[in-house]
Amino acid sequence: QEEAHRHAPLQPQALEALRETAECFHPRGDPNTDLPSPSKARDLLTALGSATGADLVWLQGTADAPPPRVVAAAVCAPSAWDPAEKLGRSLAEIHAVVPGLNPTLGPALDTFLARLRPGPAWLRANWGLSASPELNQHPSLQLPRLRADVTPDQVWVRIEHQALVALPRTGAILFGIRVEILSLRTLLRQPALHLGLARALHSMPADMARYKGLAEARDALMEILQPPPDTLVG
């Protein structure tokens, strides 16, 4: 509510999708509902963002512009990205900065979104490493970044648990993100996760390491992880 221009951007056409989402979370007649009257998109957006405990992004296409585009977002815990910057963009445009993603998966993602139907939720997870345990990592906060002299106590594993669902009435797509943060020390005590992270860093292309903000600290992180060399192959 205090930083809506950064964390709760929206376009006017998002109102119906916001109303439908509010009905999903709080069906009409539910005495426990605490959402405002859905007449004002801004009030409804910030209320939904406060009530669900997860970050939410709405994508919607039109007959004139079929690819779904971001029409609203309530994102309090962005992982070094600016929600307002994504407004009006398609997934292909958003993913243009991710090395290799559009050439390999872009058409498949477009097809997937076009075929998404109400009912099931499609789940995935994304990970990154950070020098800060803060949930809110909006770029404007200028939080510390991983450096070449990083130590284990300065590294946090940031996992985004993501879900995609199609809303039946409006046809909008609701994208949910719940962030989980672990200290690297916690991960190092779990052999499978320790080895998995070491393999990922070892095999990661240089341009992806730069995109994830790991390039400068990569050698130090590999030294910290120190798995046997033969476990990194295959």
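Helix H10 spans residues 218–225, and its buried members are Arg218, Ala220, Leu221, Ile224 and Leu225. Looking down the axis of H10, those buried residues stay within an arc of 160 degrees, so they line one face of the helix. Keep in mind that this is a predicted model. Besides H10, the points below cover the chain as a whole, a helix pair and a histidine in a loop.

**More on H10**
- Turned away from the buried side of H10 is a face that carries Asp219 and Glu223, both exposed.
- On the inside, the buried residues of H10 pack against one strand, E3, and against three helices: H7 (184–188), H8 (191–203) and H9 (206–211).
- Right after H10 comes Gln226, and its phi is positive, near 45 degrees.

**The chain overall**
- The protein chain has 10 helices and five strands.
- It runs to 234 residues, of which 40% count as buried.
- Take the contacts in the chain with a separation of 6 or more: 62% of them come from residues 24 or more positions apart.

**Where H2 meets H3**
- Helix H2 (residues 15–25) and helix H3 (residues 41–52) have axes that come within 10 Å and cross at roughly 35 degrees.
- As for handedness, the H2 and H3 crossing is left-handed.
- H2 brings Leu15, Leu18, Arg19, Thr21, Ala22 and Phe25 to the contact, while H3 answers with Ala41, Leu44, Leu45, Leu48 and Thr52.
- Sorted by type, the residues of this H2 and H3 contact come out as eight nonpolar, two polar and one charged.

**His138 in its loop**
- His138 sits in the loop that links strand E3 (122–130) to strand E4 (156–166).
- Although it is a loop residue, His138 has a relative accessibility of just 5%, so it counts as buried, the cut-off being under 20%.
- Its side chain has a polar contact with the side chain of Ser140, at 2.9 Å.
- Setting aside neighbours within four places in sequence, His138 is in contact with Arg6, His7, Pro78, Trp81, Asp82 and Pro83.
- Strand E3 turns up twice in this briefing: the loop holding His138 lies between E3 and E4, and E3 is one of the elements that the buried residues of H10 pack against.

Technical notes. Residues are numbered from 1 along each chain as its sequence is written. This is a predicted model: local features need pLDDT of at least 70, side-chain atom pairs count only at pLDDT 80 or more; totals for chains, interfaces and linings use all residues. Side-chain values use heavy atoms; hydrogens and water are left out. Helices (H or I, at least four residues) and strands (E, at least two) are DSSP runs, numbered from the N terminus. Buried means under 20% relative accessible area, exposed over 50%, partly exposed in between (1.4 Å probe, protein chains only). A polar contact is a pair of N or O atoms within 3.5 Å; within protein, one must be able to donate a hydrogen and the other to accept it, and residues adjacent in sequence count only if both atoms are side-chain atoms. Contact means heavy atoms within 4.5 Å. The arc is that of the directions from the helix axis to the C-beta atoms. Axes are lines fitted to C-alpha atoms, for helices over the stretch in contact, and angles run from 0 to 180 degrees between N-to-C directions. A crossing is left-handed if the near helix is turned anticlockwise from the far one by less than a right angle, and right-handed if clockwise. Ala, Val, Leu, Ile, Met, Phe, Trp, Tyr, Cys and Pro count as nonpolar, Asp, Glu, Lys and Arg as charged, and the others, Gly among them, as polar.
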